[in-house]
Amino acid sequence: MSKGPFTFDIMGPIRTALNGAPLPLGGPQQCAVLTLLLIRAGESVPLHEISDLLWQDDPPATAANVIHHHISALRRMLEPDLGRRDAGRWLLRSSVGYRLDVDPGSVDLHVFRGLVERGRDRAARSDWEQAASLYREALTLRRGSVGTGSPQNVASTALFQAAESEYAKAVVEAAQIHHWIGHGHWMLPLLRLTAERYPLDEQLQAALVRALGAAGRQVEALDIYRRIRTTLSEELGIEPGDALRAAQTAVLRQSVRTDATADPEDTTPAPTAAAPHPHPAPAPAQLPPGLPVFVGRDEELARILALAAGASGPVIATMNGMAGIGKTALAVHAAHLLAERFPDGQLFVNLHGFDDSAAALAPADALSCLLECLGLPARNLPSTIPGLTGKYRSLLADRRVLIVLDNARDAQQVQPLLPSAPGCMALVTSRNVLEQLLVTHNAHPVSVPPFSVGEGRVVLERHIGPSRTAGQARAVEAIVESCRGVPIALAVAAARASLNPGRPLESIAGELRTAANSLDAFFSPDPDLDLRRALTCSYRVLDDATARLFRRLGEGADRRVRVEAAAALAGLPWRAAGSCWSAWSPSP
């Protein structure tokens, strides 16, 4: 993607790497300044624009000094060898401000824009298949909102929101092109998520209505149209525009047709379902039930669904994050949303990579289990790993199957289980990043962060009911903050409240405050909900250097400790300390 040594990802939580090695980022304001310079890569950004971004109309008297401090910190990060005569210069001072002189090909937002432009060019030439492929590639680059990691007031500014709206526009254009080539149903999951994010975007809502109608879901499409019309009337006092009315008309025509002939006034080809493959065994449907309380994860779900919508080959998505953060819940929820795209089956295997009650599942055992689920009798199973892998991939060759590989220890455990067929997708969860899969299988990483305070409140309320939380805002907030956004901790706290319906929430909040910086308050007799046990399993598999760094940081440390400080504490080079830091807690 890049012609230079740096790569920058700003379509989601901001990430910066030098020759593939992650670079430590500063605080939220510094991330905001870097994001602004990357959005305007190669252009001079005046000081007043940086000031307006950070403080809008109310800059402090020290604004210029603060900006210079952030620029100096960014320069130290990007130009660590500035003293050398042959050192590269990337962050340059101009007559009006600063310019980040990096190749646009190293910035995911600019790569996204380039792919969309090429897609539009191909569409203008009626090369629909190639246009659809370019749009799919562009949409997979988004991992979340532009500016994630910046202060909230910055992320909501016009500049950042304009970059976000480019993505929504690309989704609409991609949906239209897929509709024209008869594959509009591929875009449905992504359209749903994006339409929820922009409920007043009529073009986007119209695309969703059309896609639902083309997929044979006329009742749902018309129901959504009615809801949108009500929203527009109540919030803006307007009626639906031409695009929405045309989408409704198209759906109504589809719903009254009595034969398979296309509407003479609708030149859009109808989607054609692929003929099912005649397999001797029924399609497996092994997904566990989803959580009754599933909150948030919009950005992560959008990323996974976009990958599925843009698939031209086998798709591998890896979900990484700390113990108890909700990786399995996210994978299972996404798998249920995607199930209809994989009519030949959905498989689920717990690999027990981090489980002190069961040994990690060997690849041969996992392959045997998968093959039996795909209809191969146990007596016909090959006896070697290569034989099992070959048979597994042969059975998947003409099928569209979704495989969820949960709780993986490392890449070696997962590699033999990954599909190679273009119609298949694997969702892998692990407490480790599984970087090897990113290189060998073009896997797409999806980091699973802790819940925000607002999401934590919703989780607690849905678990114990709004009547219990009514008038208890302070106690609810205290419980959520004590749980640090970890879903398993919130579940334990909610269970405690449910089992003691007469106990005031303030009492539970006080108990958690008393046990500050201790896991004793989150003990559960259920091993699946015992946070101490889950974290202990993670600690036991750390390498010596990472375990030593974890111990040195002590009880009060969190991810606000800078990598340089951690390196000094552990007596390690800062790049080595950064690798240990990622291994300890890979979530952003």
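Helices and strands are taken here as DSSP runs, numbered from the N terminus. On that basis, in this predicted model, aspartate 344 sits in the loop that runs between α13 (327-338) and β8 (346-350). Aspartate 344 makes an interesting starting point, as this acidic residue is buried and yet takes part in no salt bridge. The nearest side chain of opposite charge belongs to arginine 400, 5.7 Å away. That distance does not qualify because a salt bridge requires a side-chain nitrogen of Lys or Arg within 4 Å of a carboxyl oxygen of Asp or Glu. Arginine 400 nevertheless meets aspartate 344 in another way: the backbone nitrogen of arginine 400 is 2.8 Å from a polar atom of the aspartate 344 side chain.

Salt bridges do occur elsewhere, and a search of the whole structure returns 16 of them. One of these joins arginine 113 to glutamate 166, with 2.7 Å between the closest N and O atoms. This pair links distant parts of the chain, since arginine 113 belongs to helix α4 (residues 108-124) and glutamate 166 to helix α7 (residues 158-180), 53 residues apart. Both partners are partly exposed, arginine 113 with a relative accessible area of 25% and glutamate 166 with one of 27%.

Arginine 192 and glutamate 220 also meet through their side chains in a salt bridge, at 2.7 Å from N to O. Arginine 192 is part of helix α8 (residues 188-197) and glutamate 220 part of helix α10 (residues 218-236), so this pair ties together parts of the chain that lie 28 residues apart in sequence. Here too the partners count as partly exposed, with relative accessibility of 27% for arginine 192 and 28% for glutamate 220.

Helix α10 also holds a salt bridge between the side chains of aspartate 223 and arginine 227, with an N to O distance of 3.4 Å. Because aspartate 223 and arginine 227 are four residues apart in helix α10, about one helical turn separates them. Aspartate 223 is partly exposed, at a relative accessible area of 33%. Salt bridges also form a network, which links Arg142, Glu164, Arg197 and Glu299.

Attention can now turn to helix α21, which comprises residues 487-499. Its 13 residues reach 18 Å from the first C-alpha to the last, close to the 18 Å expected at 1.5 Å a residue. Helix α21 is mostly covered, with 10 of its 13 residues buried. Among the buried residues of α21 are Pro487, Ile488, Leu490 and Val492, along with Arg496.

Conventions
Residues numbered from 1 in each chain as written. Predicted model: local features only at pLDDT ≥ 70, side-chain atom pairs only at ≥ 80, totals over all residues. Heavy atoms only, no water. Helix = DSSP H or I, 4+ residues; strand = E, 2+ residues; numbered from the N terminus. Buried < 20%, exposed > 50% of the residue type's maximum accessible area, 1.4 Å probe, protein only. Lys, Arg positive; Asp, Glu negative; His and termini not counted. Polar contact = N/O pair within 3.5 Å; in protein donor to acceptor, adjacent residues only side chain to side chain. Expected span 1.5 Å × (residues − 1).
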